[in-house]
Amino acid sequence: MLALIVGIVFVAFAIFACLPAPLGWWEDVLAFLRGSLPVLAAFIGIIAIFIGIADIKDRMEAKKEEAEEAKQAAEKKE
């Protein structure tokens, strides 16, 4: 319950801080977002590359296992 209240307070403060009149932080928020987007895009790209590599490795291992199972099944038939 306490975490929910704290979360609501922080979200309310963030909205209040972004309003143009009271604190005037909107320009700073936009500058932060503009600066952080390329870094965020790079991190997402790196994570996507790692996921892609892991997927390729999993497919290769699955093909090897299928080949071994087919080989064992052929040996049992003989």
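**Exercise 1.** State which helix holds L30 and whether L30 counts as buried, partly exposed or exposed.

Solution. L30 belongs to helix α2, where helices are DSSP runs of H or I with at least four residues, numbered from the N terminus. The model is predicted: local features need pLDDT of at least 70, side-chain atom pairs count only at pLDDT 80 or more, and totals for chains, interfaces and linings use all residues. Residues are numbered from 1 along each chain as its sequence is written, and side-chain values use heavy atoms, with hydrogens and water left out. Buried means under 20% relative accessible area, exposed over 50%, and partly exposed in between (1.4 Å probe, protein chains only). L30 has 26% relative accessibility, so L30 is partly exposed.

**Exercise 2.** Compare the span of α2 with its expected value, then locate its bend.

Solution. Helix α2 covers residues 26–77, 52 residues in all. The expected span is 1.5 Å times one less than the number of residues, which gives 76 Å for α2. From first C-alpha to last, α2 reaches 74 Å, close to that value. A bend of about 30 degrees occurs at S36 (the angle between axes fitted to the seven residues ending there and the seven starting there). The proline P38 follows within four residues.

**Exercise 3.** Set the radius of gyration of the protein chain against that of a compact globule.

Solution. The radius is taken over C-alpha atoms, and the globule rule is 2.2 Å times the number of residues to the power 0.38. For 78 residues the rule gives near 12 Å, but the protein chain has 26 Å. Its C-alpha atoms fill a box of roughly 85 × 35 × 10 Å along the principal axes.

Note on methods:
Helix = DSSP H or I, 4+ residues; strand = E, 2+ residues; numbered from the N terminus.
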